[in-house]
Amino acid sequence: MSDIADRIAAAKKQVENLKAQVSMAQGEKTNGFKGMKDIATGKGSQLGTTLKVRRTLKGHFGKVYAMHWSGNSKELVSASQDGKLIVWDAINNIKLQAIPLRSSWVMTCAFEQSRGGMVACGGLDNLCSIYQLNQPQVLRSFRELAAHDGYLSCCRFIAENQILTSSGDQTCMLWDIEMGQAKQTFKEHDGDVMSLSVLPSVDVNMFISGSCDSLAKVWDIRTGKCTMTLRGHESDINSVVLFPDGKCFGTGSDDTTCRFFDMRACAQVTEFRSDNIVCGITSVSFSRSGRVLFAGYDDYNCLGWDILGSGTDKHCFQLQGHENRVSCVGVAPSGEALCTGSWDTLLKIWA
């Protein structure tokens, strides 16, 4: 037993030495180079005034776990553990549909972006359920996609007949909705895959994923292979979001930081942290220009970080108003509004 303990201690020491070497190599790369903040000084206008709550969407009776805007930036769908999927007219504060779910343990939802005729959801039932909105009252799902061996953590449409899902079984899947079958399986993560992000309008063949193995991966949908692995986080990655140009992405993690990665450099560009933040990030979303990265936190706040900042600067926005964990954030495709959802059962529209 002592021999095994000695070998474990030696392996731990070797890991620490390797980490120190990696940090030194990264420091040598950046030595002498100006930071993003220095390069951008004087080139960008000041950010606008504080965002205010314009609408409060009341209708759920349980914790709101997820929300997603439609492509027209007017409607959104929200999922709650009261067993309901609600489709809202967010501008006029009207409930358009209240869809009863077979399982109340829902974790994600998605709005089809091109025509807005379908929504999807999933959770601890291991299924991705698709609902068509072309009827006065939706009572049953149009398709139930079953192949994952773990909970469904995230889903996103990439076309009217295709959807991507991520799961606690450490995989992502691409589905043919009409056939109800998985077309491709993506499996290189070593932990639960918590989030994925795709921009079909920019690149329909690429998506990114974040996992409990603390890694973010870039995938080629055509080959089913991982083309890039980005390291930096020290704990679970709960949320990932692509930058509007599709060449960068942001992440939020349980290690209390948000990070900004550039795929062209295959490296982390900025880390957003504060000594006052001691809780994890649940969800992240970019403003339409990409200048601000909004993040929802376990401490009931939503913060906005300036991408042109140094990462250690004070956040540029602090949105307070929820009375429990902010579980989801999303900027409308038009960029005109931000929605936050919380365990306090409410969704708030900020502008």
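**Exercise 1. In what sense do strand β19 and β20 pair, and over how many bridges?**

Solution. The structure is a predicted model.

Step 1. Locate the strands: β19 covers residues 248-253, and β20 covers residues 258-262.

Step 2. Read the pairing. The two strands pair in the antiparallel sense, over five bridges. One pair of residues illustrates this ladder: F249 stands opposite F261 in β20.

Step 3. Examine the connection. β19 and β20 form a hairpin with four residues between them. In the turn, T256 has a positive phi of about 75 degrees.

**Exercise 2. Determine which strand joins β20 to form a further hairpin, and place β20 in its sheet.**

Solution.

Step 1. β20 is joined by five bridges to strand β21, residues 267-272, and the two run antiparallel.

Step 2. Identify bridge partners in β21. R259 has E271 as its partner, and F260 has T270.

Step 3. Consider the turn. The hairpin of β20 and β21 has four residues between the strands, and C266 takes a positive phi near 50 degrees.

Step 4. Assemble the sheet. Four strands form an open sheet in the order β18-β19-β20-β21, with antiparallel pairing. The edge strands are β18 (237-242) and β21, each of which pairs on one side only. From one strand to the next, the twist averages 20 degrees.

As background, strands of a sheet pair through backbone hydrogen bonds, either parallel or antiparallel.

**Exercise 3. Is D262 buried or exposed, and which residues are in contact with D262 beyond its neighbours within four places in sequence?**

Solution.

Step 1. D262 is found in strand β20.

Step 2. Apply the cut-off. A residue is buried when its relative accessible area is under 20%. D262 therefore counts as buried, because its relative accessibility is 13%.

Step 3. List the contacts. Leaving aside neighbours within four places in sequence, D262 is in contact with K247, C248, A267 and V269.

Step 4. Compare sequence and space for one of these contacts. C248 and D262 are 14 residues apart in sequence, and their C-alpha atoms are 4.4 Å apart.

Step 5. Extend the view to the whole strand. In a regular strand the side chains alternate between the two faces of the sheet. In β20, C258, F260 and D262 lie on one side and R259 and F261 on the other, and all are buried. Both faces of β20 are thus covered, with five of its five residues buried.

**Exercise 4. Describe the largest cavity: its volume, its lining and the elements that contribute to it.**

Solution.

Step 1. Count and size. The structure holds one cavity of 30 Å³ or more, and about 80 Å³ of space lies in the largest cavity.

Step 2. Name the lining. Among the lining residues are L101, W105, C121, D125, Y131 and E144.

Step 3. Assign elements. β7 (118-123) and β8 (127-132) are the elements that give two or more residues to this lining. The largest share, three residues, comes from β7.

Step 4. Classify the residues. The lining divides into five nonpolar, four polar and three charged residues.

**Exercise 5. How many residues of strand β14 are buried, and with which strand does β14 pair?**

Solution.

Step 1. Strand β14 spans residues 193-198 and is mostly covered, with six of its six residues buried.

Step 2. β14 pairs with strand β15, residues 206-211, in the antiparallel sense over five bridges.

Step 3. A single bridge gives an example: the partner of V198 in β15 is F207.

Methods: Residues are numbered from 1 along each chain as its sequence is written. This is a predicted model: local features need pLDDT of at least 70, side-chain atom pairs count only at pLDDT 80 or more; totals for chains, interfaces and linings use all residues. Side-chain values use heavy atoms; hydrogens and water are left out. Buried means under 20% relative accessible area, exposed over 50%, partly exposed in between (1.4 Å probe, protein chains only). Contact means heavy atoms within 4.5 Å. Two strands pair if DSSP finds at least two bridges between them. Axes are lines fitted to C-alpha atoms, for helices over the stretch in contact, and angles run from 0 to 180 degrees between N-to-C directions. On a 1 Å grid over the protein atoms alone, a cavity is a set of points where a 1.4 Å probe fits but cannot get out, and a pocket is an open set with protein on both sides within 12 Å along at least five of seven lines; lining residues have an atom within 4 Å of a point. Grid points are joined across faces, edges and corners, and a volume is the space filled by probe spheres set on the points. Ala, Val, Leu, Ile, Met, Phe, Trp, Tyr, Cys and Pro count as nonpolar, Asp, Glu, Lys and Arg as charged, and the others, Gly among them, as polar.
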